[in-house]
Structures are given as structure tokens and as C-alpha cells.
Amino acid sequence: MNLNPYISDLLYRYECVIIPEFGAILTRNISAVIDSGSNLFLPPTKELSFNEQLNQNDGLLANHI
């Protein structure tokens with residue numbers, strides 16, 4: 001079963017998605033930045049990180065599927 005679409009959808013709405021017995025994918029919002037030196041506008045983004053210690057099922061992914 002391909003979980004990618006489900007995880008992607010949940011990461012859009014939540015900051016943390018736990019994949020049972022694997023780990024958690026965490027997101028952090030980064031605000032937009034204006035670089036006046038080079039006249040660049042960098043849009044807001046999300047930074048992803050992974051934590052293998054958060055691996056107990058919280059039911060979010062299972063309920064979404």
C-alpha cells in the first residue's frame with residue numbers, strides 16, 4: 001500500500017505525522033524573507049525533519065486512511 005498521498009495530505013494540515021513502528025515526520029514553518037541586498041523575495045516554506053523515537057501509533061494516519 002502506498003502511503004505517500006496520505007502522509008503528504010496530513011503534513012499539509014498538521015505539524016507531525018507518526019508512522020507506527022517507524023518514526024515521525026515533523027514540519028516547521030519558515031516565514032517569508034526579503035533579501036534587500038539582492039532584491040529577492042523568498043516565499044514561506046516548510047522544513048521537514050524525522051524523529052525515529054516518536055513511533056507509537058496516535059491514530060491520525062490510520063483514521064485518515
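**Figure 1. Surroundings of T27 in strand β2 of the predicted model**. T27 makes contact with L11, Y14, E15, K46, E47 and L48, leaving aside residues up to four places away in sequence. Of these neighbours, L11 belongs to helix α1 and E47 to strand β5. The relative accessible area of T27 is 12%. T27 is therefore buried, because the limit for that class is under 20%. A reference distance can be taken to Q56, which is 29 residues from T27 in sequence. In space the two C-alpha atoms are 18 Å apart.

**Figure 2. The buried side of helix α1**. Which residues of α1 are buried? They are I7, L10 and L11. These residues cover an arc of only 100 degrees around the axis, so they lie on the same side of α1. An α-helix has 3.6 residues a turn, so residues three or four places apart point the same way. The cover over the buried residues of α1 includes strands β1 (16-19), β2 and β5. Helix α2 (60-64) is also among the elements that cover them. L11 appears in the previous view as well, as one of the residues touched by T27.

**Figure 3. Salt bridge between R13 and D9 within helix α1**. Side chains of opposite charge can pair when their charged atoms come close. Here the closest N and O atoms of R13 and D9 are 3.2 Å apart. Both residues lie in α1, which spans residues 4-13. Their separation is 4 residues, about one turn of the helix. R13 is partly exposed, with 48% relative accessibility. D9 also counts as partly exposed, at 32%. A search of the whole structure gives 2 salt bridges, and the other is shown in the next view.

**Figure 4. Salt bridge between E47 and R28**. How far apart are the closest N and O atoms of E47 and R28? The distance is 2.9 Å. E47 lies in strand β5 (residues 45-51) and R28 in strand β2 (residues 23-30), so the pair ties together parts that are 19 residues apart in sequence. E47 is partly exposed, with a relative accessible area of 38%. R28 is likewise partly exposed, at 47% relative accessibility. E47 is also one of the residues that T27 touches.

**Figure 5. The aromatic pair F22 and F50**. The structure holds 1 aromatic pair. It is formed by F22 and F50, with 5.3 Å from centre to centre and 55 degrees between the planes. The pair counts as tilted, because its angle falls between the limits of under 30 degrees for stacked and over 60 for edge-to-face. F22 sits in the loop between β1 and β2 and F50 in strand β5, so the pair ties together parts that are 28 residues apart in sequence. F50 is partly exposed, at 44% relative accessibility.

**Figure 6. Two loop residues with positive phi, E21 and N39**. E21 has a phi near 60 degrees, a positive value in a residue other than glycine. E21 is in the loop between β1 and β2, the loop that also holds F22. At 76% relative accessibility, E21 is exposed. Where is N39? N39 lies in the loop between β3 (33-35) and β4. Its phi is positive, about 55 degrees, although N39 is not a glycine. N39 is exposed, with a relative accessible area of 69%.

**Figure 7. A nonpolar surface patch of V33, L40 and L42**. These residues make a patch of about 250 Å². L40 is located in strand β4, which runs over residues 40-42. With 47% relative accessibility, L40 is partly exposed. L40 therefore passes the patch criterion of over 30% relative accessible area.

**Figure 8. A62 in helix α2 and its distance to P20**. A62 and P20 are 42 residues apart in sequence. Their C-alpha atoms are 9.3 Å apart in space. A62 counts as partly exposed, at 49% relative accessibility. Helix α2 is one of the elements that cover the buried residues of α1.

Note on methods. Residues numbered from 1 in each chain as written. Predicted model: local features only at pLDDT ≥ 70, side-chain atom pairs only at ≥ 80, totals over all residues. Heavy atoms only, no water. Patch = residues over 30% accessible without salt bridge, like charges linked within 9 Å, V, L, I, M, F, W, Y side chains within 5 Å. Areas by Shrake-Rupley, 256 points an atom, 1.4 Å probe, with all protein chains shown as cover. Salt bridge = Lys/Arg side-chain N within 4 Å of Asp/Glu carboxyl O. Helix = DSSP H or I, 4+ residues; strand = E, 2+ residues; numbered from the N terminus. Buried < 20%, exposed > 50% of the residue type's maximum accessible area, 1.4 Å probe, protein only. Arc of directions from axis to C-beta. Contact = heavy atoms within 4.5 Å. Phe/Tyr/Trp six-rings, centres within 6.5 Å; stacked < 30°, edge-to-face > 60°.
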